[in-house]
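Student: Hey, can you walk me through this one? I'd like to start with the ligand.
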Amino acid sequence: MYIVGITGGIGSGKNAVTDHLQEFGITVVDADVVAREVVAKGEPALDKISEHFGSHIITESGDLDRTALRKIIFSDKTAKTWLEQLLHPIIRQSIKQQLHDAASGYAVLSSPLLLETDQHELVETVIVVDASEELQLARTVKRDNSSEEQIKAIMAAQLPRQERLKKADIIIDNNADLESLENQLIKLHTKLSKTAEESK
Ligand code: ATP
């Protein structure tokens, strides 16, 4: 399976891109979704988290209390490391499995942390969705109804735009409207389908 990685800063348009690719019939594995799936109710990792931190970390409905867990790992570095060491291999294995099971011409791994983690090792091509910092900020504030300060703090913790662009094999320019994005994606999809076919 030819695997394409898609990344970009907050609000750069990763979801807008992968929504289109899914419409073209392409399997998209979203690392954020997988990270939630592996701690869903009934998953072994959730039991381990509950054993380690105590049952107060589970809500009455049996789900992970994300706010409670976030509070613990925010103030306790050892707890954060423990959690990462538990979840990292499980998430990676699940991503690999889902990409392996994909039945489309090529498959996509979409991850905000593709370049910051070893997830980029799972992909053959790195695609960066790029928008100016002003657009990232404006679009995210509008989407999430959040404050500029919150979004700026997240942007500051992410890889700087130019660093990310340097690591790209392909750049999707998402500085214009959605129509322009779609036009680029039609061409990109044709190109990726061809490359995938040739690499068989
Ligand atoms: P995150 O990292 O937070 O998950 P993302 O990279 O997936 O963000 P999107 O959610 O796809 O970003 O885009 C952010 C917002 O900007 C969304 O509301 C989306 O509809 C809008 N958007 C994306 N591209 C464009 C565009 N070209 N023109 C106008 N709005 C856009």
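Student: How far is a polar side-chain atom of arginine 143 from an oxygen atom of the ligand?
Tutor: The two lie 2.7 Å apart, and a polar contact here is a pair of N or O atoms within 3.5 Å. Bear in mind that this is a predicted model, where local features need pLDDT of at least 70, side-chain atom pairs count only at pLDDT 80 or more, and totals for chains, interfaces and linings use all residues. Residues are numbered from 1 along each chain as its sequence is written, and side-chain values use heavy atoms, with hydrogens and water left out.

Student: And what about lysine 14?
Tutor: An N or O atom in the side chain of lysine 14 is 2.7 Å from an oxygen atom of the ligand. Serine 12 uses a backbone N or O atom, 3.3 Å from a ligand oxygen.

Student: How many residues surround the ligand?
Tutor: There are 14, counting a residue if one of its heavy atoms lies within 4 Å. Among the closest are Ala16 and Asn174.

Student: Which helix gives the most to that shell?
Tutor: H1, with three residues. Helix H1 spans 14–23; helices are DSSP runs (H or I, at least four residues), numbered from the N terminus.

Student: New topic: what are the classes in the shell?
Tutor: Four residues are nonpolar, six polar and four charged. Nonpolar means Ala, Val, Leu, Ile, Met, Phe, Trp, Tyr, Cys and Pro; charged means Asp, Glu, Lys and Arg; the others, Gly among them, count as polar.

Definitions and conventions
Polar contact = N/O pair within 3.5 Å; in protein donor to acceptor, adjacent residues only side chain to side chain. Helix = DSSP H or I, 4+ residues; strand = E, 2+ residues; numbered from the N terminus.
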